[in-house]
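Visitor: Could you take me through one part of this structure slowly, as you would for someone in their first year? I would like to hear about the cysteines, and then whatever else helps me find my way around.

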Amino acid sequence: MLSPTTLDPASVIATPAPGRACGPCTLCCKVYDVPAVESVAGQWCRHTKQGRGCAIHATRPDHCRAFHCLWMTEGWLGPEWKPDRAKMVLSLDPVSRHMNVQVDPGQPNAWRREPYYGQLKRWAASSLPQKRHVLVHLNKVTTVVLPDRDVNLGVFEPGDRMVARERMTPAGPVIDVEKISHVA
């Protein structure tokens, strides 16, 4: 059995909810690094045919084949959350269960617009008891959405990790988050 640190996200296969299809949406082909096809987050994959899909769909890499965004897998998410409309791609980390929000760099403030920002804040609040967080990624920069504020943690390098701590204040518990850099 694989430990959580060796789990390959490509091995976690999510299935689309009934009635859901990517259609002309290809935003995941812009917001993620996919080394197998030399695709860099923030730039369109060279195999993307905007509005039509993937030119190598039949032979696409396993990471692409296994990936379905939350809009695809969760029928309760409304049409406003479809990535080509929202300008962001939602996913759950298969190990930590943190919600990842990959924002289209062409629309860097999309996540701050309503109805999205209010919902991200509500998800942040409801995730705290499970020690899960909402992480917004704009290219390589990560911001943690907390119920009371947003914390920009900057660029994560391989080996870096996020640490969250609860501290008590006169107004009640507050969560502090920070990036811990890996020192080689």
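Guide: Let's start with the disulfides: a search of the whole structure, which is a predicted model, finds zero of them. A disulfide is a covalent bond between the sulfur atoms of two cysteines. To count as one here, the two sulfur atoms must lie within 2.5 Å. Now look at C64, whose closest cysteine sulfur belongs to C29 and is 6.6 Å away, so the two are too far apart for a bond. C64 is partly exposed, because its relative accessible area is 30%. C69 is in no disulfide either: its nearest cysteine sulfur is that of C25, at 6.5 Å. With a relative accessible area of 7%, C69 is buried.

From C25, step along to T26, in the segment before α1 (28–31). Its relative accessibility is 6%, so T26 counts as buried. What does T26 touch, once its neighbours within four places in sequence are left aside? Its contacts are W44, T48, Q50 and G53.

Next, let's turn to the aromatic rings. The structure holds five aromatic pairs. One of them joins W76 and W123 in an edge-to-face arrangement, with 6.2 Å from centre to centre and 80 degrees between the planes. This pair links distant parts of the chain, since its members are 47 residues apart: W76 is in the loop between α3 (70–73) and α4 (83–86), while W123 belongs to helix α5 (residues 116–127). The two partners also differ in how they are covered. W76 counts as exposed because its relative accessibility is 58%, whereas W123, at 12%, counts as buried. If you follow the ring pairs further, you will find that they link W76, W81, Y116 and W123 into a cluster.

Rings can also have a charged group over them. The charged end of R20 sits over the ring of W71, 4.0 Å from its centre. In another such case, the charged end of K179 sits over the ring of F156, and here the distance to the ring centre is 5.8 Å.

Now for the strands. Five of them make an open sheet with mixed pairing, in the order β3-β4-β5-β6-β7. Which strands stand at the edges? They are β3 (88–92) and β7 (150–155); each has a single partner strand, so one side of each is left without a neighbour in the sheet. From one strand to the next, the twist averages 20 degrees.

Start at the β3 edge. This strand pairs with β4 (residues 99–103) in the antiparallel sense, over five bridges. You can pick out the partners yourself: M88 has V103 of β4 as its bridge partner, and V89 stands opposite Q102 in β4. The two strands form a hairpin with six residues between them, and in this hairpin R97 takes a positive phi near 70 degrees. Although β3 is an edge strand, it is mostly covered, with four of its five residues buried.

Then go across to the other edge. There, β7 pairs with strand β6 (residues 141–145), again in the antiparallel sense and over five bridges. A bridge to look for is the one between T142 and G154 in β7. β6 and β7 also form a hairpin, with four residues between them.

Let's finish with one residue of β7, V151. Is V151 buried or exposed? With a relative accessible area of 17%, V151 is buried; the cut-off for that label is under 20%. Leaving aside its neighbours within four places in sequence, V151 is in contact with T142, T143, V144, L146 and V177. T142 has already come up, as the residue with G154 for its bridge partner. For a sense of distance, compare V151 with V34: these two are 117 residues apart along the chain, and their C-alpha atoms are separated by 27 Å.

Terms used:
Residues numbered from 1 in each chain as written. Predicted model: local features only at pLDDT ≥ 70, side-chain atom pairs only at ≥ 80, totals over all residues. Heavy atoms only, no water. Phe/Tyr/Trp six-rings, centres within 6.5 Å; stacked < 30°, edge-to-face > 60°. Buried < 20%, exposed > 50% of the residue type's maximum accessible area, 1.4 Å probe, protein only. Lys NZ or Arg CZ within 6 Å of the ring centre and 35° of its normal. Pairing = 2+ DSSP bridges. Axes fitted to C-alpha atoms, helices over the stretch in contact; angles between N-to-C directions. Contact = heavy atoms within 4.5 Å.
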